Each structure stands twice: as structure tokens, then as C-alpha cells.
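Here is a short set of exercises to work through with the model open beside you. Try each task before you read its solution.

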Amino acid sequence: MALDFPDAPTNGQVYNGFMWDSTSETWRVRGSANNVAGIASTTGSPAEVTSGGYKYYTFTGNGSITVDVSGTLDVLMVGGGGAGGAGGDPYAAGGGGAGAFLLKENVYVPVGTQTITIGAGGATQNGPGFNGGQTDFGSVLSVPGGGGGGSHVGDKSGGCHGGSGGGGRGGAGGIAVVSAWGNSGAGGSTYVGGGGGGATESGFGASAANIAGAGGDGSLQTTWATATSSGVSNYYAGGAGGGNGSSTGSAGAGGLGGGGAGGMNASGTAGTANSGGGGGGGNDNNAGAGGSGILIVRVAI
């Protein structure tokens, strides 16, 4: 039986497994879904790869994506990680919180261009680290950067709030602004910092005298990470470890997903670029910067 296509279809209209593309004036077959978005072009040179019935566009820097057939697609996005705090000698500070993590499927995107902004990792300073930057998918989706770690600069300070909270030194850890995007950081003690929160786990506080807190783990996304060669060992958005300013004990380890390690009488290590990992806490006014974010678009083929 012949198909009776509509005589005057509108752009993006679906009929019996086909979708009308007004640009080419043709009915397109859009894979197994009736309303998969059509990608016309991109800017910013995202890495493109086809795997497992999908095409992936990986943005590690700013750019855009133009949709010529309205429909749905999947998006993984991470904000920039917060920097670790920098405590004055002999005090150390908390680790930075991871950038907010979001994986959302079947996102409807209209015809037009969506501007993509990748959140920068938070910068360090003599004091609490700066929060990471926000990652945006045009007007469709946004996630904030991670919170910076707290430090001792004349007093005990708590971690900053963010996508995931930063760890504190003496004060409490920062909180995640939306619980679905991340987790809270932990407080520290006199000479050590607490760990920053990660995408799936809160940061850890000091477990014993002069044992700094570890960062919380990020989100394990094996399919996305393997297809796009991104993430850190298939994880995204790990919290950072707190620093240790004493001569005994240990600094905090970074969480899985690019979280930096805290420094032992030294600077913490930076969060991994394009992971959203937090930067490790340090002392002597040194700390690790946060890792930049990432955004991946996935379209069924």
C-alpha cells in the first residue's frame, strides 16, 4: 500500500517514520526514531565519530551546532571544576568541587543554531579557589561550574558552593547547588583540608589527625567515554583532594574523573582538562586550578 504523504508539510513534521526537511524539500528517514534531530553544521571543530548507531560531536572548546530538522538528541555536559584553596603556611586548604554533571537523553532542539560554551576551570588565588565556569548548550541546557576549596587566611573558612561543593579547612564544605548535578564538599581540620564533591559522591573529611580528605568520585559513563575518547578512565567530574600543611600524615587523593590530588606541604595538582575535575588544595599560597568542562552531543543515525 502506497504512503499518502501530506501535501503541504511543515519543517520537522513527522509522518510514518519520515520527517520533512524544508531546506532540501525531501522526506527524510531518521533512523529508528521518528523525530531525531538533523545536524546541518558545526563550528568550533568538535571531534566527530560514529559508534554504536550514534554520531557523537565532542566539544572541548566554544562553538556552535546548527539543526536543520527539529527533533531530539542526547547531551552529556560538565561545567568547569573549581580550584583548590591555598592556605598560608603551615595550614592547608580544601580541594575544589567538580563541575556540575548532566546526562540528558531525548532533548528536543528546534531548527536553528545553538551556541556552545565550555566552562573554564577555576583559577587559584591566595585564599579560597575560584569557582569554575558554566557550560551552556544554547538556550536549551546549562550547568554551573564547581565550587572552589576553602582555605585559612587569618581564619578558618568553609568551601564554596557550586555544581559540586568545595572542601573546607576548619569550616564546613560547600554544597551542590542542585543535588542531581553533584555533591557537597567536606570540612577539614586545623592543618588539613577536606575533599571537594564529585558527580556521584561527596568529598571526604579528615579521617584522622593530619589525614586530609579525598575528593568524591565522578560519574562513570563507559559508552560515551569509550566512543569519544574523553573523560578520565571513563569517569567525568571528580572532586579534588584536600591539602596537608603538616609534616606528618597525608594529603587527599583526587576523586575518579579528573579530580586533582591535594599537596603535602606543596601545591595541589590541577584538575584534568575537559573533565570538570576540581583542583587539589595546597598550602604556602599554592593550589591546583580546576579542569575545564566538556559537552558532547549524540544523535541517532
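**Exercise 1. A loop asparagine**

In which loop does Asn 210 lie? Then decide whether Asn 210 is buried or exposed, and look at its phi angle.

*Solution.* Please keep in mind that you are looking at a predicted model.

Step 1: Asn 210 belongs to the loop between β13 and β14 (219-220).

Step 2: the relative accessible area of Asn 210 is 19%. Buried means under 20%, so Asn 210 counts as buried.

Step 3: turn to the backbone. Most residues other than glycine have a negative phi. Asn 210 is not a glycine, yet its phi is positive, at about 65°.

Step 4: look for another asparagine of this kind. Asn 274, also not a glycine, has a positive phi of about 60°. Asn 274 sits in the loop between β15 (235-236) and β16 (282-283).

**Exercise 2. The chain as a whole**

Describe the overall make-up of the chain: how many helices and strands does it have, and what share of its residues is buried?

*Solution.* Step 1: count the elements. There is one helix, together with 17 strands.

Step 2: take the dimensions. Along the principal axes, the C-alpha atoms fill a box of roughly 80 × 30 × 25 Å.

Step 3: consider burial and surface. The chain has 301 residues, and 53% of them count as buried. About 11,100 Å² is exposed, with carbon and sulfur atoms supplying 50% of that area.

Step 4: check the contacts. Taking those between residues at least 6 apart in sequence, 52% join residues at least 24 apart.

Step 5: place the charges. The chain carries 7 positive and 14 negative charges, and the mean positions of the two sets are 4 Å apart.

**Exercise 3. An open sheet**

Find the sheet that contains β4 and give its strand order. Which strands stand at its edges?

*Solution.* Step 1: trace the order. This open sheet of five strands reads β4-β7-β11-β12-β13, and the pairing is antiparallel.

Step 2: identify the edges. β4 (38-43) and β13 (141-143) each have a single partner strand, so one side of each is left without a neighbour in the sheet.

Step 3: add the geometry. On average, and ignoring direction, neighbouring strands here are turned by 15° against each other.

Step 4: follow β7 (residues 63-69) to its partners. β7 pairs with β4 over five antiparallel bridges. Among the residue pairs, Ile 39 has Val 67 as its bridge partner, and Ser 41 has Thr 66. Five bridges also join β7 to β11 (residues 112-117), again antiparallel, with Val 67 opposite Gly 112.

Step 5: judge the cover. Six of the seven residues of β7 are buried, which leaves the strand mostly covered.

**Exercise 4. The strand β17**

Which strands pair with β17, and why can β17 be called largely enclosed?

*Solution.* Step 1: list the pairings. β6 (residues 54-59) runs antiparallel to β17 and is joined to it by six bridges. β8 (residues 71-78) is antiparallel to β17 as well, over five bridges.

Step 2: pick out a residue pair for each. From β6, Tyr 57 stands opposite Val 297. From β8, Asp 74 has Arg 298 as its bridge partner.

Step 3: look at burial. β17 spans residues 294-300, and six of its seven residues are buried, so the rest of the structure largely encloses it.

**Exercise 5. Two loop residues**

Describe the surroundings of Ala 93 and Val 140: what does each contact beyond its neighbours within four places in sequence?

*Solution.* Step 1: locate them. Ala 93 is in the loop between β9 (86-87) and β10 (101-109), while Val 140 is in the loop between β12 (135-137) and β13.

Step 2: read the accessibility. Ala 93 is buried at 0%, whereas Val 140 is partly exposed at 25%.

Step 3: collect contacts. Those of Ala 93 include Gly 85, Ser 151, Arg 169 and Gly 281. Val 140 touches Val 107, Tyr 108 and Gln 114.

Step 4: finish with C-alpha distances. Ala 93 and Tyr 15, 78 residues apart in sequence, are 59 Å apart in space. Val 140 and Gly 290, separated by 150 residues along the chain, are 25 Å apart.

Key
Residues are numbered from 1 along each chain as its sequence is written. This is a predicted model: local features need pLDDT of at least 70, side-chain atom pairs count only at pLDDT 80 or more; totals for chains, interfaces and linings use all residues. Side-chain values use heavy atoms; hydrogens and water are left out. Helices (H or I, at least four residues) and strands (E, at least two) are DSSP runs, numbered from the N terminus. Buried means under 20% relative accessible area, exposed over 50%, partly exposed in between (1.4 Å probe, protein chains only). Contact means heavy atoms within 4.5 Å. Accessible areas come from the Shrake-Rupley method with a 1.4 Å probe; for residues, only the protein chains shown count as cover. Lys and Arg count as positive and Asp and Glu as negative; His and the chain ends are not counted. The place of a charge is taken as NZ of Lys, CZ of Arg, CG of Asp or CD of Glu. Two strands pair if DSSP finds at least two bridges between them. Axes are lines fitted to C-alpha atoms, for helices over the stretch in contact, and angles run from 0 to 180 degrees between N-to-C directions.
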